[in-house]
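Please open the model in your viewer and keep the sequence panel beside it, since this tour moves from one selection to the next and says what is to be found at each stop.

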Amino acid sequence: MPDAQDNTERPVTVEMGSNQLVGADPKRILEAYSNVMSGRLRKPQTPPLWDGKAAERIVSIIEQEI
């Protein structure tokens with residue numbers, strides 16, 4: 001089983017509230033689970049430039065190249 005992460009390559013997701021890092025501590029895992037299931041989380045924000053249109057931009061770039 002892979003080690004639980006205590007860091008992420010996308011820290012902005014933690015900063016903006018759309019992700020949590022809890023590591024391998026069972027108490028922290030259960031606490032985070034409980035918070036999610038009970039709705040006790042701050043409302044996540046969308047990180048800047050994350051507009052859901054990355055695929056469209058990639059396709060546009062590829063089409064310009066072919």
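A residue is called buried here when its relative accessible area is under 20%, exposed when that area is over 50%, and partly exposed in between. Please keep in mind throughout that this is a predicted model.

**First stop: threonine 13**

Select threonine 13, which has its place in helix H1, made up of residues 11-15. Because its relative accessible area is 9% and the limit for a buried residue is under 20%, threonine 13 counts as buried. If you then display its surroundings and set aside residues up to four places away in sequence, you will find that threonine 13 touches Ser18, Asn19 and Trp50.

**Stepping back: the whole chain**

Now show the whole protein chain as a cartoon, in which you can trace 3 helices and 0 strands, arranged along the sequence in the pattern α-α-α. Taken along the principal axes, the box filled by the C-alpha atoms is roughly 55 × 30 × 15 Å. The radius of gyration of the protein chain is 17 Å, whereas a compact globule of 66 residues would have one near 11 Å.

With a surface switched on, the protein chain exposes about 5,900 Å², of which carbon and sulfur atoms supply 57%. Of the 66 residues, 11% count as buried, and threonine 13, where the tour began, is buried. When contacts between residues at least 6 apart in sequence are considered, 40% of them join residues at least 24 apart.

**Second stop: asparagine 35 and arginine 40**

Move next to helix H2, residues 26-38, and select asparagine 35 within it. Is asparagine 35 buried or exposed? With a relative accessible area of 17%, asparagine 35 is buried. Leaving aside neighbours within four places in sequence, asparagine 35 is in contact with Arg40 and Leu41.

Follow that contact to arginine 40, which lies in the loop between H2 and H3. Arginine 40 has a relative accessibility of 52% and, because the limit for an exposed residue is over 50%, counts as exposed. Apart from neighbours within four places in sequence, arginine 40 is in contact with Ser34 as well as Asn35.

**Third stop: the charged side chains**

Colour the charged residues and compare where the two signs lie: the protein chain carries 8 positive and 10 negative charges, and their mean positions are 10 Å apart. How many salt bridges does a search of the whole structure find? That search finds 1 salt bridge, and to see it you should select aspartate 51 together with arginine 57, whose closest N and O atoms are 3.0 Å apart.

Both partners of this salt bridge can then be checked against the surface. Aspartate 51 has a relative accessible area of 44% and is partly exposed, while arginine 57, at 40% relative accessibility, also counts as partly exposed.

**Last stop: isoleucine 66**

Finally, go past helix H3 (54-65) to the segment after it, where isoleucine 66 is found. At 81% relative accessibility, isoleucine 66 counts as exposed. To end the tour, draw a distance from the C-alpha atom of isoleucine 66 to that of glutamate 31: the two residues are 35 residues apart along the chain, and their C-alpha atoms are separated by 51 Å.

Technical notes. Residues numbered from 1 in each chain as written. Predicted model: local features only at pLDDT ≥ 70, side-chain atom pairs only at ≥ 80, totals over all residues. Heavy atoms only, no water. Helix = DSSP H or I, 4+ residues; strand = E, 2+ residues; numbered from the N terminus. Rg over C-alpha atoms; globule rule 2.2 N^0.38 Å. Buried < 20%, exposed > 50% of the residue type's maximum accessible area, 1.4 Å probe, protein only. Contact = heavy atoms within 4.5 Å. Areas by Shrake-Rupley, 256 points an atom, 1.4 Å probe, with all protein chains shown as cover. Lys, Arg positive; Asp, Glu negative; His and termini not counted. Charge placed at Lys NZ, Arg CZ, Asp CG, Glu CD. Salt bridge = Lys/Arg side-chain N within 4 Å of Asp/Glu carboxyl O.
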